[in-house]
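Work through the exercises below with the sequence and the coordinates open. Each task is followed by a stepwise solution.

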Amino acid sequence: MQFLSRQMKRHAHVSDRGLRRGSRSNRQIASAAGAMIEQLDCRRLLSVVPLRAAPLMPARTAIAPLFTTAQEKFLSSIYAHPDFDTTAKPDSGGLSSPYGGTTPAEMEGAYGVNNILFGTVAGNGSGQTIAIVDAYDYSTALTDLNAFSSYYGLPSFNNGGGSPTFTKYNENGSTTSLPGNDPAGANNDDWEEEESLDIEWAHSIAPKANIDLVETNSNSYADLFTGDTTAAGLSGVAQVSNSWGGPEFSGETSYDSTFSHTGVTFLYSSGDDGAYGSDQSGVVVATYPASSPGVVAVGGTSLTVGSGNTYGSETAWGNGTLSWYYGGGGGGISAYESQPSYQTGKVNGLSTTQRTEPDISLDANPNTGVPIYDSYDFGPTTPWVDGLFGGTSLACPMASGLIAIANQGRQLGGQSYLTGSTQTLPDLYTLPSTDFHDITSGNNGYAAGTGYDLATGIGSPVANLLVAALAPTPTGNPTWLSSSSVATYNSSSHILTVTGATTITTDPGAAEPIIEASGPLAAVTFNASNPANGNYYHIGGLSLTSGASAVVTSLASARTVPNVRMLVIGVPGATTAPTFNIDSTSKLDLTDNDMAILYGTGTSPLPTVAADIKTAYDNKAWDKPGITSSIAKTMPGVTALGYGEASTLGDTWFDSLLLGGNAVLVKYTLVGDANLDGTVNLSDYNTMIAHFNAAATWTGGSFDYSGSVGLADFNDVLGNFNQTLANVLT
């Protein structure tokens, strides 16, 4: 009767389409400080329960300890719930097409995301990776994400040709042994719905960014914090989105170090119960981890999109003092976290001693919300939810998309990725007020007002202005270029002009400089102990003239078959080939490394590469200008530089790099290795015999670069037959 009465009151307050979804029940929970009663709403909020009352969860995989035994035990007794909210009726089925709601194009237009440019480069998250941490496996994630993308004209994932990538990891960073589905079952306000919302709407804001979905074994804080630590350590990740949380608790400050990683911004949703932290009958409480001073706390608004996908208006999402019951973006004053220096004098005097939240806000009201595609919960024929999704679970991944775009701009300008606690958060509080929409009406238990408030924080982003401020045009050398280099980098044209000794100290990544080195003093060295993306160096083009040189240094004793440096020139799926020019006086030394020239639908540089290698080879001397190998010089007749078209070789991957289209490959390998697989065997012999006394390149059996296959090539194959590159390297 209590449940029925509560539903009847809710029907009296809002229409069916405005209902907040899910069953409600009272649960007794115990915190570290003692027992209290908390009403859980929509599986959205933290429950602190004694271990004997905890729901059954999959066993946690053994991991390196992140916490003390006591901390681990305590965190294993705390359970988080996702911060989504929906207008769909409880346990409703799905639809064959979207219910309606705000589209990706409307959301981008309203917030100004479509106006972000870095010079002539669109701000879309290219080269960035957003990590999203949620509980349990979403088994149809990639299929659903691509279907959502197809419907709204967004880039699809894992399709090569420069498409973004989508990868699932377990909480310990493995792509295998993923956890099971949410025990709650499908279409039951489960974590899979949360994951659908997260990945689809992070993608909507940053459509070219990669997405890593970290799925934890359970919804305990122990597992979720482990997932956060794993996410921050994944290659290329600079922003971690978390759409979950719950009420603050004594001792929470012990776990704030979880969010301290250089070059990573953590974002957390602030909750969906306004000032009340969870469904607690109107008890005012801040939410955690959103209240941690090391994370960007993302609150909620009600957004109206204007004509032509422009910004219309915005109010704080909330229902006043009944926001704990009818919903509202989280906000409040922390009981445990001291005020960080970046908030001192910046929060309208709402507190002078404690951390306040949120920091920023975006659309979260389910009545102004969005569609999601989720075939796990609603089936393959009716995968669109029958209603709209919102909550700060929508706002948080969208905010992570904006940070990804800012980091894209920073990388293009040769700057380091934003660190949340020391860069992102202080910057947010010092930027001009014009970089935000100041939201002055609405009430989540706290009234919105001019300037900072506890309903919406600083406000919602004017994305093109905010991102430009977070990724300013740099001065001085990029971070990937040694400070002593005699070189000038133009962040607009991406041209690196080199006149003296210059060292590329780490992977330039999305900056992809076009290196123009000229003169005998111009010497470019690619040398880093641990390049950012494996052992790759991404550049946009290479021109060596008038005696200039470049060398990709050897990994020496660390060089193995899988551990090799690679010079990557160009971008997947390009419509024009990158600049690649080594004149008759200049030299590129790959030592014992590899190279890929990605030319998309442009003109193949294979003839140029073949000529440059032939010139440098000089009958095994490897002394002349062109593309050479100083390591092969020490092993005449044993190793050399093999080359060929990726399409001829049937390669879509090269040294663990997804090529994404046409490419010319150059590999340090054995003489006689026609197919560039690091082994000389019967396949190579047959290739050579098939072209004997005929014109051919390396992949046809011409291992002396003469342009035809003869007795010397026959002897090369026999000399290295059944040998492997691994044997030579050891």
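**Exercise 1. Pairing of strand 10**

Task: State how strand 10 pairs with strand 12 and with strand 13, and give a residue pair for each.

Solution.
1. The model is a predicted one. In it, strand 10 runs parallel to strand 12 (residues 210-216), and seven bridges link the two.
2. A residue pair here is Val133 with Val214, the latter in strand 12.
3. Strand 10 is also parallel to strand 13 (residues 237-242), with four bridges between them.
4. For this pairing, Thr129 has Val237 of strand 13 as its bridge partner.

**Exercise 2. Burial of strand 10**

Task: Sort the residues of strand 10 by the direction in which they point, and decide whether they are buried or exposed.

Solution.
1. One direction is taken by Thr129, Ala131, Val133 and Ala135.
2. Ile130, Ile132 and Asp134 point the other way.
3. Buried means under 20% relative accessible area. Both groups are buried.
4. Because seven of the seven residues of strand 10 (residues 129-135) are buried, the strand is largely enclosed by the rest of the structure.

**Exercise 3. The loop before strand 10**

Task: Locate Asn124, classify its accessibility and list its contacts beyond four places in sequence.

Solution.
1. Asn124 belongs to the loop that joins strand 9 (121-122) and strand 10.
2. Its relative accessibility is 17%. The cut-off for buried is under 20%, so Asn124 counts as buried.
3. With neighbours within four places in sequence set aside, Asn124 contacts Ala206, Pro207, Lys208, Ala209, Ile405 and Gln408.

**Exercise 4. Surroundings of Ala616**

Task: Describe the position of Ala616, its burial and its spatial relation to Gly626.

Solution.
1. Ala616 is part of helix 12 (residues 606-617).
2. A relative accessible area of 0% makes Ala616 buried.
3. Gly626 is ten residues away from Ala616 in sequence, and their C-alpha atoms are 5.0 Å apart.
4. Apart from neighbours within four places in sequence, Ala616 touches Trp622, Asp623, Lys624, Pro625, Gly626, Ile627 and Thr628.

**Exercise 5. A nonpolar surface patch**

Task: Which residues form a nonpolar patch on the surface with Ile689, and how is Ile689 classified by accessibility?

Solution.
1. The patch consists of Ile689, Phe692 and Leu711, which together have about 260 Å² of accessible area.
2. Ile689 sits in helix 15 (residues 682-690).
3. The relative accessibility of Ile689 is 38%, so Ile689 counts as partly exposed.

Definitions and conventions:
Residues numbered from 1 in each chain as written. Predicted model: local features only at pLDDT ≥ 70, side-chain atom pairs only at ≥ 80, totals over all residues. Heavy atoms only, no water. Patch = residues over 30% accessible without salt bridge, like charges linked within 9 Å, V, L, I, M, F, W, Y side chains within 5 Å. Areas by Shrake-Rupley, 256 points an atom, 1.4 Å probe, with all protein chains shown as cover. Salt bridge = Lys/Arg side-chain N within 4 Å of Asp/Glu carboxyl O. Buried < 20%, exposed > 50% of the residue type's maximum accessible area, 1.4 Å probe, protein only. Pairing = 2+ DSSP bridges. Contact = heavy atoms within 4.5 Å.
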